[in-house]
Amino acid sequence: MVTLKVDASPKLARKIPDTFLGVFFEEMGHGGAGGIWAELVSNRGFEAGGPNTPSNIDPWLIVGDDSSIFVETDRSSCFSRNIVALRMEVLCNDCPAGGVGIYNPGFWGMNIEDGKAYNLVMYVKSPKTTCLTVSLTSSDGLQSLASVNIIVAGKSKWIKVEKKLVAEGTNRISRLQITSKKKGVVWFDQVSLMPADTYKGHGFRNGLVSMLLDLKPRFLRFPGGCFVEGGWLRNAFRWRQSIGPWEERPGHFGDCWQYWTDDGLGYFEFLQLSEDISAAPIWVFNNGISYNDEVNTATIAPFVKDILDSLEFARGSANSTWGSVRAKMGHPKPFPVKYVAIGNEDCERKFYKGNYLKFYNAIREAYPDIQLISNCDGSSAPLDHPADIYDFHVYADAKTLFSMKNTFDKSTRSGPKAFVSEYAVWKTDAGRGTLLASLAEAAFLTGLEKNSDAVEMACHAPLFVNDDIEKKWNPDVIVFNTWQHYGTPSFWMQKIFRESSGAMVHPTTISYGSSANSLAASAITWKDSENRSFLRVKIVNFESDAARVTISTTGLESSIDVLRSTATVLTSTNVMDENSFSNPNKVVSVKSQLFEAGAQMQVTLVPHSFTSFDLALAPSKFVTLADV
């Protein structure tokens, strides 16, 4: 018999940081473009093919054939930062009944739903008056879901067209098409289609935001990851290019993950998303280093100024140079950026520490309250440079990550704390998100929870993946396509930890019988939305056999209310089970009432499981089994 001892006395309890658990968003796996950012048009500005024309307009294609229509890009746009536009010449005098033109399939199809409205914005010009038909159709163009006619006056100047299309039917893999029946020439640029019902009207896909809210994240780390660095600096994320009116943003090719983004989801939108989900923003910025090139510290000063400007954009008054740009975008109130990470996984690079100190000193002087995060690991030895927090990343097989639950037991309690900003089981154990992976991650998190005086924050990586892409990083927390989404077992595991931020953690010890080192556990007290207190004891059983455990709790100052006490179990019939669109709830946590709860409890942990016991603490008179 195994005994788990929990000392719940207040004198030994320790508060877990309020920002302990959060989420990490990186623009990878089309998590942003074609994901949480609700823009339905892919390559909306025709810039993805590069600035030289003619260029590739993928995924745009023509309606008709090359005898009836000719399309090409040129550099005639009215936007100076994204100069490429599309020229469409209708060649036919007697065009087909449906007209000829162009269409965009979006990101593996557009999810168009009956009765819902979609906002169309596009810029057009034509030397002669012409009539265009903008339609939402099925992928083959045969089913019409919505349609509107637009008269383009014959002018030499660009005009902005705004229309609302209301769908009369549902099709999950629709397309947007623009057609004409009249011979002539029309130019297009910045063609956008957004659902009218995005989260808080800020452009985010409702269903995916709801998944984030389910995790109750206390912070949002963004926008990467490797996306921040770039394979080359010329392709790194540039915050200046991602702010201001969306039409004017040039977009860029993310060469780490090998796809184009229009940067509709930019620096401002990340800050807005943080605010919308009540999470502290953690801005990870490029420190002059990419995978293949880096800036000498002697010439890093312009990069430092660039980041100081980014902080003024976020935190400056509406009257400041960059704060006024934010205010013009509709957010006069500053964003509370209190954390920044100087680079990503760059510690061993030649110029990192020199560059780091330049950023550190400049930001510390301008914003002394900002917590500065180093890329260098300080878990086993002191850092050789100043920092408030240090990054710790780990990707490992399940057995290794389970064994790392004690990683921070001997870490210093003075000096910088750890930010475990990327952790996950990956490769063969991970599949596309297995129960096994989630159990190892849960065990690792129990260790972080117990060492939360040395660990400030933690988040899983990656967060999102679009199931339609061919090359995927596995596993991810949330999987989606054009209209569906589900959480992997890691998502359900993290839901069990979502009350840990700001809770009180208690000492736990496990006295092993014959179970060897197959268990991991932690205990917290937390309060629900009605201010009711609970003792939560979490236990991972990493073995293929059931485990009998006696939970012995001392130091409780309140009695246990049996009727409000529950057990939540995450398990499945096979440790390699995964969730999928065909069976999204194959591996989910299941809550049930406890019929026996007290300071001494004997429980059976099913094989390969993660169990959370929530023992309700009675404020006064409590219910016992004798009362039931």
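**Close-up 1. Helix α1 meets helix α9 in this predicted model.** Here M211, D214 and L215 of α1 are in contact with F491, Q494 and K495 of α9. Sorted by class, this contact holds three nonpolar residues, one polar residue and two charged ones. The two helices span residues 206–215 (α1) and 489–496 (α9), and their axes come within 8 Å, crossing at roughly 40°. Because of that crossing angle, α1 counts as oblique to α9.

**Close-up 2. The largest cavity has a volume of about 100 Å³.** Thirteen residues line this cavity, and L21, G22, L215, A458 and Q494 are the closest to its centre. You have already met two of these names in the helix view: L215 belongs to α1 and Q494 to α9. Which strand gives the largest share of the lining of the largest cavity? That is β23 (residues 455–460), with three residues. The lining as a whole divides into nine nonpolar, three polar and one charged residue. A search of the whole structure finds three cavities of 30 Å³ or more.

**Close-up 3. The largest pocket has a volume of about 860 Å³.** If you would like a place to start looking, H30, W108, Q258, Y259 and W260 are the closest to its centre, out of 39 lining residues. Two elements give two or more residues to this lining, namely β17 (259–261) and β24 (464–466). The largest share comes from β17, which gives three residues. By class, the lining of the largest pocket is made up of 17 nonpolar, 12 polar and 10 charged residues.

**Close-up 4. The second largest pocket holds about 670 Å³ of space.** Its lining has 28 residues, and W37, M194, G201, H202 and W246 lie nearest the centre. Strands and helices both take part: β9 (117–126), β12 (155–166), β14 (184–195), α3 (267–276) and α5 (323–328) are the elements that give two or more residues to this lining. What classes of residue are found in the lining of the second largest pocket? There are 11 nonpolar, 10 polar and seven charged residues.

**Close-up 5. The chain is divided into domain 1 and domain 2.** Domain 1 is built from two stretches, 2–14 and 503–618, while domain 2 covers 61–195. Taken over C-alpha atoms, the centres of domain 1 and domain 2 are separated by 57 Å.

Methods: Residues are numbered from 1 along each chain as its sequence is written. This is a predicted model: local features need pLDDT of at least 70, side-chain atom pairs count only at pLDDT 80 or more; totals for chains, interfaces and linings use all residues. Side-chain values use heavy atoms; hydrogens and water are left out. Axes are lines fitted to C-alpha atoms, for helices over the stretch in contact, and angles run from 0 to 180 degrees between N-to-C directions. Helices (H or I, at least four residues) and strands (E, at least two) are DSSP runs, numbered from the N terminus. Angles under 35 degrees count as roughly parallel, over 145 as roughly antiparallel, 65 to 115 as roughly perpendicular and the rest as oblique. Contact means heavy atoms within 4.5 Å. Ala, Val, Leu, Ile, Met, Phe, Trp, Tyr, Cys and Pro count as nonpolar, Asp, Glu, Lys and Arg as charged, and the others, Gly among them, as polar. On a 1 Å grid over the protein atoms alone, a cavity is a set of points where a 1.4 Å probe fits but cannot get out, and a pocket is an open set with protein on both sides within 12 Å along at least five of seven lines; lining residues have an atom within 4 Å of a point. Grid points are joined across faces, edges and corners, and a volume is the space filled by probe spheres set on the points. Domain bounds come from an automatic or database domain assignment.
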